[in-house]
Each structure stands twice: as C-alpha cells, then as structure tokens.
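Biologist: Could you take me closely through the salt bridges of this chain, and say how exposed the paired side chains are?

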Amino acid sequence: MSSPHPAQPDSKLSLRRGLLSVLTLVALTGLMFYIFKDHLSEISAALHSLTIGQTALLLLLGLTYPLMEGIINQRVLSSRVPDYPFLRGLDLSFLGAFGNVVTFGAGTMPMQGYDISLNGLDVGPGIGLMTLEYVFHKGAVLLYAAVLLLFYGRWLLDADSAGLMRYLLPACLVVAVIILALVLVCTSRTIQKLAYRLLGLLPRTDKWQARRQSWTAQLDGLCTESRRLLQNRFLCLQVFALQVCKLALMYTIPWFSIRFMGLAPLTFGQVQTLAALMMLLSNALPNVGGMGSIETAFYLIFTGFLGESAAMSALVVYRAATYYLPFVVSCVGFFFIQRRWTRARPKKSG
C-alpha cells in the first residue's frame, strides 16, 4: 500500500523569502557588473556585435538544458511509473531551476517530491531517483572532462598564458575525487555499509539523532533505488548519454559566443575542454541561489585564454542563456504547476 499522500508544499511561498531571493539575485548581479566596471565599454561593444539571430540561437541553446533534463527525468521515473509523461518531467526541471533561486535550493527536493507523488510514486523512491539522476549528472561532468583532457591536456598547459592551469588542475582533481566518492555511495554496497556505520557514530543528542534518522531514510531510499536502477543497464547507459549530450550542448554556448563576438581563435574542442573544466571546478566553490561558483570558475578558466574583457563578455552571454533565461521561464512554469497542484488537491483528499 502506498504511503500517505504528502502535504502540498506551501503554494504561496513566503513573501519575505521571495523578496530576499530577488534582492540577493539583484545584488549579486550588481556585484558582478561592479567587478566588471573597468571593462564595461569592451563588454558592451562585444555584446552589441551580436545580431538578433545569433542572440536568439544562444538563448535557445540555454533552454536545451532544462529540456534535456525533462527528457532525463521522464526516462528515469518511467522505470518506476510506466508512461510517466514528458511534460511532468519538464515540470521537475522547471521546479529545479525555480527552487534553486527562490528557495536557495532548500525547497527544490520537497517540491519535486510532491510533484512526483501526484503521478503515482511515493516521495521516498521519487527523491531517491532524482538523487540518482544528480549522481549521473556529476558522473557525466567528471568523465566528459577527463576524456577532453586526454585530447587537449597538453594544449591546455602550453596555451595558458596566465599559468593558472598548474594550480587549477589539482583543484579539479580534488573535485573529481569528491564526485567519484558520491558515485560510489550510490553504486557500491561496501561504501553504502560504510556510510551507515558513519551515521551511527553521530552524537546521541536529540538534534543529531533526528538528523541521523532523516539521513538514514534518505540513504535507504537511495540504496534501494540505485540497486533497482543499476540492474537496467540499457537505461543507465541511455541516461548517461543524455547527460553527456546535455553538457555538450551547454558547452557550445561559450564557443558560439566567442566565435560570434570575434574574441579568440579557439577551436570547438578547445572551448569544450575549457567549459568542461569550468563546470568541474565550479563544484568546489560555494554559491548563493546558483550564483557565484560558475562566475568565479568561468573567469578563472577562460581569462588565461581570452583576456579579462573577452572572458567577461563571454561570461555575460553564458549566464544570460544558462541562468537568467531558464529562471524566467521557470517562473512562468511554476505558475502553471501551482494551478495543477491546486486542481489535484481535492482529488487526493476525497
């Protein structure tokens, strides 16, 4: 028998939280342009060189990320709920983008778990599958960067005019180890048993025991769903391939930006490598509402190959396409998702 239907997340998000999120987003955006203030004229000139068609292409490429995530969500969840609709998978993608900004990531899983429950899957398994999808994403980030480094590692070190790569590559290695540990937690029973033992060592206070129970329940769901999903090797390969395709499409945005604005004579593979390292490095940096880590990593990685003003110009385009536009679209999507939740509530309570 299914577990009791979970309570709907507060459909009217706290005005204070929403306002704080918007103010934080505005402040961080303002801070970014303040840092860029000495190069605003060069950035403005580069941006004005883009045609309407080029701008539209870059923005459309930014929307391929939530679209691909919607496809991945549908494929993963259909392993437990046959004929899970693609539009519901796309809704989960919008909830991820919306929750990452408006709730600083804290409300993303509860909202996604509730939405999954409306389509016939309990919250525990649903969140377990979403966590596994996140692990597939991290694994794809790691493997794709590793493969590109095999082909372009020598060029990377030789062409790095600022010499930053000799310091950034070890940092990327540390991130790779962390990602690998996360993958092992989901795939290795030995590591899972070790995780249970470590949770048992937490302090015996009420606060820590409550956390232990919550983390243990999440680990239970994750272990159960990982064993179930990993048995379907074709689906795992399919999901991993979709994750790599999602990343490859996103990494084309800096290449098109650099090419359209005439910033540097870098090849497609070279920019893909820089973007892959940027994504890998960003995993080790803190962020607020999805901002901070990407900007810092992009600047550190690309400046040595483009120069400051060109790197900043490409960064503005990249973040407009991959962050601001998806968030705006997710706000519209969340409005319709809330209406669907409201319509579904009486049916579930009857």
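Modeller: Lysine 246 is a good place to begin, since at 1% relative accessibility this residue counts as buried, where buried means under 20% relative accessible area, exposed means over 50%, and partly exposed covers what lies in between (1.4 Å probe, protein chains only). This is a predicted model, in which local features need pLDDT of at least 70 and side-chain atom pairs count only at pLDDT 80 or more, whereas totals for chains, interfaces and linings use all residues. Residues are numbered from 1 along each chain as its sequence is written, and side-chain values use heavy atoms, with hydrogens and water left out.

The side chain of lysine 246 meets that of glutamate 69 in a salt bridge, at 3.5 Å from N to O; the term stands for a side-chain nitrogen of Lys or Arg within 4 Å of a carboxyl oxygen of Asp or Glu. Lysine 246 belongs to helix α10 (residues 233–260) and glutamate 69 to helix α3 (residues 52–77), so this pair ties together parts that are 177 residues apart in sequence. The helices here are DSSP runs of H or I with at least four residues, numbered from the N terminus. Glutamate 69 is likewise buried, at 19% relative accessibility.

A further salt bridge joins arginine 80 and glutamate 225, whose closest N and O atoms are 2.5 Å apart. This pair, too, links distant parts of the chain, with arginine 80 in the loop between α3 and α4 and glutamate 225 in helix α9 (residues 206–230), 145 residues apart. Arginine 80 is partly exposed at 26% relative accessibility, while glutamate 225 is buried at 2%.

Aspartate 158 and arginine 154 form a salt bridge of 3.2 Å, N to O, within helix α6 (residues 123–159), where they sit 4 residues apart, about one turn of the helix. Aspartate 158 is exposed, with a relative accessible area of 57%, and arginine 154 is exposed as well, at 56%.

Elsewhere, salt bridges that share partners join Arg88, Asp91, Asp115 and Arg340 into one network. Arginine 88 of this network lies in helix α4 (residues 86–102) and is buried, with a relative accessible area of 19%. Leaving aside residues up to four places away in sequence, arginine 88 touches Asp115, Asn119 and Arg340, contact meaning heavy atoms within 4.5 Å. The structure holds 9 salt bridges.

Key:
Helix = DSSP H or I, 4+ residues; strand = E, 2+ residues; numbered from the N terminus.
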